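Dear colleague,

Please find below the structure for your review. My notes on it follow directly after.

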Amino acid sequence: MKVGFALPQFNKQAFEVARAAEFARGIESAGGASLWVGDRNLAAVDPSVGYGGGSTIPPELNAAADPFVLLGVAASATEHVLLGSHVLVAPLYPPVQLARSLTTIDLISGGRLLAGFGVGWSPEEYEAAGVDFATRGARMDETLDVLEEIWTKDPAGYSGARLSVPLHHAPLKPARRPRPPVYLGARSGRALRRIGERADGWLPVCVVPGFVDFDGIVRQRARVDEAARTAGRDPRVIDAVLRVNIEAGTSTEQVVTVIKAAGERTGIDHVMVDTMYSDAGVDQSVERALAILDGVRAG
């Protein structure tokens, strides 16, 4: 089982963002497989849609460091670990700038980027970006089209219903060819179909101990595989990385048990662990990460 960890980006760990390089080097030297960022442009005071479909946004999301900067720091501080986003809310960003940022990170890292995207859930984030929340799924599809063009063609351009990019010189390409692998977060039927039709990987989520639904993950994976076969793709080429969020007060032993069970029950062989709810600072997060790695290795 490959085990990765979220960089210090949210909650109290965000205030120690200056230690991101130290954290990244520590995880790599301890044998971690990957380092990850999430995305939160803002947490609305009075959200029209709350986190997880509720009415509020947890205060742990109020403070959020920039995901692109963090990935760049981790890329320059490490040599081997994969660098992923679980997830960037891709429709919020102008696609040319999104492509440029991710290309730069992939080049700095020597081709270690896993570009993970989602459509998000916060109407206020879309409002702040000047983007229509109601058409976020269609904008995601076109964003993926634009990235494909910019990452694989020179000159590159795009004309769609919602996005338009003038034909332009695009000689700077990612280190990974033909492009970095694209992973998508999804739970809805349409989003799961999008993964089967065009993604390189899927990013499911569990929360320890409050929401661990391996049967649901298996059912969702079956829908991804069905969509892939319908699209003429081999489902076996579609990877998966499971996000494991740790709730406050959860023991490391509980987390290790879930990680081991995830491999046995779902076949997923790569997890990323996020300690923003469970650990107040970088020292605690590193201590937790080392204990998790030791526990998983112990079999």
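The model is a predicted one. I begin with helix H5, whose buried residues pack against helix H3 (95-109), strand E5 (113-118), strand E6 (156-159), strand E7 (164-168), strand E8 (182-184) and helix H6 (189-198). The buried residues of H5 are Arg139, Met140, Asp141, Glu142, Thr143, Leu144, Val146, Leu147, Ile150 and Trp151. As general background, an α-helix has 3.6 residues a turn, so residues three or four places apart point the same way.

The length of H5 (residues 136-152) was also checked: at 1.5 Å a residue, its 17 residues should span 24 Å, and the end C-alpha atoms are 24 Å apart, which agrees.

The second element of note is strand E13 (residues 270-274). Of its 5 residues, 5 are buried, so the strand is largely enclosed by the rest of the structure. In a regular strand the side chains alternate between the two faces of the sheet. Both faces of E13 are covered, with His270, Met272 and Asp274 buried on one side and Val271 and Val273 buried on the other.

Two strands pair with E13. Strand E1 (residues 2-6) runs parallel to E13 and is joined to it by 4 bridges; here Phe5 stands opposite Val273. Strand E12 (residues 242-246) is likewise parallel to E13, with 4 bridges between them, and Asn245 stands opposite Asp274. From E12 the chain passes through helix H8 (residues 252-266) to reach E13, forming a right-handed β-α-β crossover.

With kind regards

Definitions and conventions: Residues are numbered from 1 along each chain as its sequence is written. This is a predicted model: local features need pLDDT of at least 70, side-chain atom pairs count only at pLDDT 80 or more; totals for chains, interfaces and linings use all residues. Side-chain values use heavy atoms; hydrogens and water are left out. Buried means under 20% relative accessible area, exposed over 50%, partly exposed in between (1.4 Å probe, protein chains only). Two strands pair if DSSP finds at least two bridges between them. A crossover is right-handed if, with the strands pointing away from the viewer, the path from the first strand over the helix to the second runs clockwise. The expected span of a helix is 1.5 Å times one less than its number of residues. Contact means heavy atoms within 4.5 Å.
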